[in-house]
Amino acid sequence: MTLGTLIARNLRRHLSRVLLTAFGIATVILAFNLIITTVRAWYGGVEASAPNRLIVRHAASLSIHLPLAYRDRLASMEGVTGVAYANWFGGVYREARGFFPQFAIDPVSFLDLHTEILVTPDEQRAFLSDRRGCLIGSRLAEQYGWHIGDVIPLKGTLYPGDWEFIVRGIYRGSEPTTDESWMLVRWDYMNERRQQQDPDRAGTVGWYVIRVADPARAGSIAGAVDAAFANSMAETRTETEQAFQMGFVAMSGAIISALKVLAVALNGITLLVLANTLVMTVRERTRELAVLRTLGFRSSHLVTLVVGEALSIAGLGSVLGMALTIPANHLYANFVEAKLGNLFPHLDWHLGVLILSASVTLLVAVCASTIPITAVLRANVARDLRHIG
Amino acid sequence: MTLLWTYSIRNVWVRSSTTVLAIAGLALVSLVLLAVLMMGNGLDHALIESGSEDDVLLMRKGATTEIASGIYRDQAHIVRTLPGIAKTPAGQPLAIPELVVLVSLAKHGADTPANVTVRGTQPEAFTLRPQVRLTQGRQWQPGTVEIVVGAHIATRFLPNGIGSHLRIGKREWLVVGILDAQGTAFDSEIWGDVDQLMAAYGRDSYSSLTLQLSEQAAFRQIEEAIAADTRLLLQVKRERDYYREKSVTMATFIRLIGLTVTFVFSLGAILGGAMTMYGAVASRIGEIGMLRTLGFTRRTILAAFLFESVLLGTVAGVLAIGSGTALQFITLSTMNWSTFSELAFRLTLTPASALLTMCFAIAISLLGGLPPACRAAKITITSALRAQGR
């Protein structure tokens, strides 16, 4: 009989307890995975950003616009190979809960710079020839059941009034991280209406996107842009798309930290559950372990027994937890989408997260065995043989 | 019966290591629930309490936030002449047009900037929002580039406090005072002179107008008057409703993830509790047989084991609430998704959330303890006495 079979036999002695522990660990792993997935979703925009794009916005705040006249000056700067611009549109579909990001874009240059947005040539032509047209992401189309030719009514919050856009194309992302829940409408159409209603604010853009030939020079180009517009009527702040997205993540930093603390607390709970089972097991077998010692088992053998049992239970729990994560994550994503709309487009389960949670659990299992191990090592054989439970 | 209660309590002591682990697990789960509730409470407090019962906010039709709204000077003048608005001691209508803008400030000790709300207003704003008080320094002088900053702004962005300078718009502003808004959203704002701020941003329209009702019933009257005036095109909202709407997304998010996680956890905790109690029963089968022989009924034994697990739950609940009290000193800051501006809030422990946590801890320990307790009660005297002590 090897130590391995001994461990297996021991596990079967209290099968119900072992299964309860494994299920307990599985629930913790499930919660851990959901949290990590949420944190990852937060960084979704950062991962999706391209290294050769810079964002130029007003130095004081994104809520202040830049003049359209900056476009030509940006385009003529050295190292810049393309300029696009966009505004946050801020429309509301039906009620306030129907939130999805809408951008008013310059159709030609924006699609030229954002190569990850894939539309067929036919759809692109249709979008370019219809001022009231819009492109929507496939995820958005699926969520609301929209097809090409459908009319989407929006209520403007930044640009007042009722708006109607006709779906001219449904885009897909070339990368798995591409956000497929945007609605892109035409800046020229929006600006036209703005000229009639709010001429003071017409002819301005929310931000520029510039493409640089060499990502390695992004820093110096950003500096050159900001220097060019220093002391003008609207000073700029230029940063890589990644840094720009990180800014949004950093502003919600406290919530993310809280989630991370929670993830650590979860592992603490695994530790407690597992340690509890092992302590019980070892206490019950006090006399048995003493007998093993008298038979000549060394401390290292006994330690292997305890750690082996811990790893087996944790392993079982990990497998269960990972299996539960996939359907649970799906439910969770649907639940979030129903309550919050498209705030979190990237709530998909990820193999890396599963592997992370499993390895952390196995590590925790080793830690959990330390408490019973100390008890085993301190044992007094003569006294333990008299032990009556 | 009393004998059995003390028996349970003594048992908890005897198996101290298992008990400590079980209590710690239950307490952690309860603490997570409590922390989630406290975050929700803090956020609600910061946003909803920002609005006063008697105040009404006017914004451009369709605008969902003050930042996105605009009110022209002539519109503001028309509104100020409406009846139903409270008067200042000087006899002026208590209706203040304000300009709200966002500025990026670098947080002290961090290089990532955060968006901060700057509110151009008038000195009467203090009458309008009685929860805001000046705690240090003095009020800004109307017509000058002086500002007062909220308590959170002072601690997070301006370590030098009064006397420091801030660049807002195209001007340098001097900090002359610090506000205490009792944990509401105004603690995360900067206040200054409205006309100076408009000049700094080259704007000639306000963002919003806040007025105080002379009496509650005047709300409808003002709402109708504004709807009837075609020059106005404004929406009328009670200030409280405005702030409540702003908190919806954030609060929903926090509660959503928090409660999902707590739900998953509590399943784990019930399993953990059941396990502990099964262990307690299994190791005491001989004792149970003895008790039954002595004449204790099945029901008493069931009660004793249930009492034991509830005892564990109660201790865990007390521990969780105790730690929750310490959590109250934590201030979190986050971006409010509806306005894209920084909002600081403090975890807040309310009696209701403490009670809920206690009930939760007891409920999961009871659920976990019930199956093993039933098992203990079902054991027959003969089989129990035959069982070997382990």
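**Briefing: cores, interface and charge pairs in a two-chain model**

A:Cys134 is buried, because its relative accessibility is just 0% and the cut-off for buried is under 20%. Keep in mind that this is a predicted model. Chain A and chain B bury about 4900 Å² between them, and the largest nonpolar core runs to 101 residues. Here's the rundown by topic.

**Cysteines**

- B:Cys359 comes out as partly exposed, at 47% relative accessibility.
- If you're looking for disulfides, the count over all chains is 0.

**Nonpolar cores**

- In the 101-residue core, the residues with the most contacts inside it are A:Ile35, B:Trp191, B:Ile254, B:Phe265 and B:Phe305.
- Helix H8 of chain B (residues 239–282) gives the most to this core, chipping in 18 residues.
- There's also a second, separate core of 45 residues, with B:Val149, B:Val175, B:Ala200 and B:Ile226 among them.
- B:Trp191 has plenty of partners beyond its neighbours within four places in sequence, including B:Phe126, B:Val132, B:Trp140, B:Ile147, B:Leu179 and B:Phe186.
- The contacts of B:Trp191 also include B:Arg119, B:Arg129 and B:Glu146.

**Where chain B meets chain A**

- On the chain B side, 58 residues are in contact with 61 residues of chain A.
- Of the area buried between the two chains, 72% is on carbon and sulfur atoms.
- Between chain B and chain A there are 0 salt bridges, and the count of residue pairs in polar contact, with both at pLDDT 80 or more, is 0 too.
- Helix H2 (16–48), strand E3 (95–106), strand E4 (113–121), H8 and strand E13 (331–336) of chain B each give two or more residues to the side that touches chain A.
- H8(B) supplies the largest share of that side, at 19 residues.
- B:Leu256 sits in helix H8 of chain B and, leaving out residues up to four places away in sequence, touches A:Phe335, A:Val336, A:Lys339 and A:Leu340.
- B:Leu256 counts as buried because its relative accessibility is 8%.
- Within its own chain, B:Leu256 has its C-alpha atom 9.6 Å from that of B:Val36, though the two are 220 residues apart along the chain.

**B:Thr121 and its surroundings**

- B:Thr121 lies in strand E4 of chain B and is buried, with a relative accessible area of 0%.
- The side chain of B:Thr121 makes a 2.7 Å polar contact with the side chain of B:Glu98.
- Leaving aside neighbours within four places in sequence, B:Thr121 also contacts B:Ile96, B:Trp140, B:Trp191, B:Gly192, B:Asp193 and B:Val194.

**Salt bridges**

- Over all chains, the structure has 27 salt bridges.
- A:Asp112 pairs with A:Arg211, with 3.7 Å between the closest N and O atoms.
- That pair ties together distant parts of the chain, 99 residues apart: A:Asp112 is in helix H5 (residues 107–113) of chain A and A:Arg211 is in strand E12 (residues 207–212) of chain A.
- A:Asp112 is partly exposed, at 40% relative accessible area.
- A:Asp162 and A:Lys155 meet at 3.1 Å, N to O; A:Asp162 is exposed at 55%, while A:Lys155 is partly exposed at 48%.
- A:Asp188 bridges to A:Arg186, with the closest N and O atoms 2.8 Å apart; here A:Asp188 is partly exposed at 24% and A:Arg186 is buried at 7%.
- Over in chain B, salt bridges with shared partners join B:Glu66, B:Glu98, B:Arg119, B:Arg129, B:Glu189 and B:Glu239 into one network.

Definitions and conventions: Residues numbered from 1 in each chain as written. Chains lettered and ligands numbered in written order. Predicted model: local features only at pLDDT ≥ 70, side-chain atom pairs only at ≥ 80, totals over all residues. Heavy atoms only, no water. Core = buried A, V, L, I, M, F, W, Y, C linked by side-chain atoms within 4.5 Å. Buried < 20%, exposed > 50% of the residue type's maximum accessible area, 1.4 Å probe, protein only. Helix = DSSP H or I, 4+ residues; strand = E, 2+ residues; numbered from the N terminus. Contact = heavy atoms within 4.5 Å. Disulfide = S-S within 2.5 Å. Buried area = accessible area lost by both parts, 1.4 Å probe. Salt bridge = Lys/Arg side-chain N within 4 Å of Asp/Glu carboxyl O. Polar contact = N/O pair within 3.5 Å; in protein donor to acceptor, adjacent residues only side chain to side chain.
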